[in-house]
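Please look over the model shown below. The paragraphs after it take up confidence first, then the fold of one chain, and then the contact between chains.

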Amino acid sequence: MLEQNAKNVNIASLEAAESIVDERILAAERLRARQEADEKKRRLIRRIVSAVLILVFVPSVVLVGLLEWQDRKYYIVSILIIIFSMAPFFLVFEKRRPRARELTLIAVMVALGVAGRAAFYMLPQFKPIAAIVIITGVSLGSEAGFITGALTAFVSNMFFGQGPWTPWQMFALGLIGFLSGILFNDQIKTKWNLFLLCVFGAFATVGIYGQIMDTQFVFASAQKVTWDMFLAAYASGLPMNLIFAAATVFFLLVLTKPLLNKLGRIKKKHGVFE
Amino acid sequence: MRDAFDTINPIVAFVFFAFALVMPMLLMHPALLGISLVCALIWLFMLRGKKAWGYILKFVLPIMLLTTIINPLFNHAGITTLFYIRFNPVTLESIIYGVSSAAMLASVVLWFACFNQIFTSDKIVYLLGRFAPGLSLVVSMALRFVPLFTKQAKRIAAAQRGAGMGVGGGSIINRARNGLSILSSLITWALESSVTTADSMRSRGYGLHPRKSFTSYRFDGRDALIGGLLALGMLSCALASGFKLISIRFFPSYKTNEITPLFIAFLIAYALTLLIPVIMNSIEAYRWHLSRSKL
């Protein structure tokens, strides 16, 4: 009888303990679900904020610059606009206190881009920078793409020399990384997707990077900006931009699949940028 | 010899460069441009010696030439027409503007040449670390990774060579394939080790305290003195342009301010402000000379 009792008590206490454990597990799971929902919400807000900033804020600053500062100081006004329009990205990035793993991963991609520029130093404009930035944006998302692009330009200029062109290069490469993160997800499996990515790469180097850098030249030298000046600048910059575009397409063809695989593996294994 | 300006607080140095860069952009007055160009050139030659010539010939002269030519070709504003190219007037004003903007760009590029000598990577990381700790960490890590990756690539290449898959042998396609496999294992290694680095950072308390940097700069009396002189120079610039001591108009006709004694005084103040590094270097050289002659 006593033994029976003891057994009953034992079973009861065991059951009680089990239910406590169950409750705790449930609570932990609920907490995690809530955290994940929070994280998702925050990510959505961040995406909306960055989209609004780049699609609304930048053009409006340009408009204000054109309408208000009719002082014909195009050069300083344009540099200011470029710096202003980069600031929100950096602010959002700093504000959310990025995790150490995100920082080191971005640093690796920046270093790869810089080393790539140094490795192909002999061939003018034939560099893998844009391809690496695009792949980073595709795999790690638009925000990481922007930060990687801008910092690749900044750090590589620490080796090759900073100048008034630095903010422009930072902005152009950052924009390429940002757009590639918005336009593509990292499911580049078929040949058609890769083709689309290469088309985007060619467009990004000629249409975004080349155009921004040639525009910089016009703003730097002209007192009154006219259409034929832009046309002349774009025409004279086109050969160099085409070489850069060819390099970008080449490196995208070679690097996209292996790099996306490796980055995907790191993301899955260590739970970063998911 | 180490430049005297190299040792002052990076914040003061940054303000100096910002001042030197922005003034010619804001006011393209021939006197200001001339002073800015001359001061930048003197300092650049102090910093780089004969190597400065290469920089000038490679970067500064082509930019100046291009800007001087492009402006009169595309800009036909101004009232003094000199001659016509295919029915398009070439005006004196746009030529003057072309020369001025060429001088402005040249002075910007020259100041940046000095900036690149003074602002080494540790100073940039120090400055960034105060405003953007995350970004400055990425910058400093990327700077470290570049030589690290090069070294690791060499190691991988040596191992592949030992296994008979070196880049040196075989057909071109084979070599390219071997090169790519070196790149592939380098990238895998880099990504994997970046996570290890991050874990090690976390376990050592990354993010718990505000960031500190490798080099620490105290704000000492000399920094305060130079900062004060800089502030005086900026104030005089603001006053001069506020009270229309200095003004310039290019179009429709070229017109500058009258030359008054106050204007000359302002120019001297501006020149002295820009010459701060050069003066510091001269004082150091004189001290060195004195202490040597005492021996």
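**Confidence, fold and interface**

Among the elements of chain B, helix 2 (residues 30–48) of chain B has the highest mean pLDDT, 93, and strand 3 (residues 248–249) of chain B the lowest, 78. Here pLDDT is the predictor's confidence in each residue, from 0 to 100, while helices (H or I, at least four residues) and strands (E, at least two) are DSSP runs, numbered from the N terminus. This is a predicted model, in which local features need pLDDT of at least 70 and side-chain atom pairs count only at pLDDT 80 or more, whereas totals for chains, interfaces and linings use all residues. Residues are numbered from 1 along each chain as its sequence is written, and chains are lettered from A and ligands numbered from 1 in the order in which they are written. Chain B has a mean pLDDT of 87, with 98% of its residues at 70 or more. For the complex, the predictor gives an ipTM of 0.86 and a pTM of 0.82.

Chain A has eight helices and zero strands, in the order α-α-α-α-α-α-α-α along the sequence. Of its 274 residues, 40% count as buried, that is, with 20 or more other C-beta atoms within 10 Å of their own (exposed: 12 or fewer; partly exposed: in between; C-beta atoms placed from the backbone). Helix 6 (residues 166–183) of chain A is largely enclosed by the rest of the structure, because 15 of its 18 residues are buried. The end C-alpha atoms of helix 6 of chain A are 26 Å apart, which agrees with the 26 Å that its 18 residues should span at 1.5 Å a residue; the expected span is 1.5 Å times one less than the number of residues.

Between the chains, 42 residues of chain A are in contact with 46 residues of chain B, a contact being two C-beta atoms, placed from the backbone, within 7 Å. On the side of chain A that touches chain B, helix 3 of chain A gives the largest share, 12 residues. Which residues of chain A are in contact with A142(B)? Leaving aside neighbours within four places in sequence, A142(B) is in contact with A107(A), V110(A), A111(A), V114(A), L151(A) and V155(A).

In chain B, the domain assignment gives domain 1 (4–119 + 218–294) and domain 2 (132–203), with bounds from an automatic or database assignment. The C-alpha centres of domain 1 and domain 2 of chain B lie 44 Å apart.
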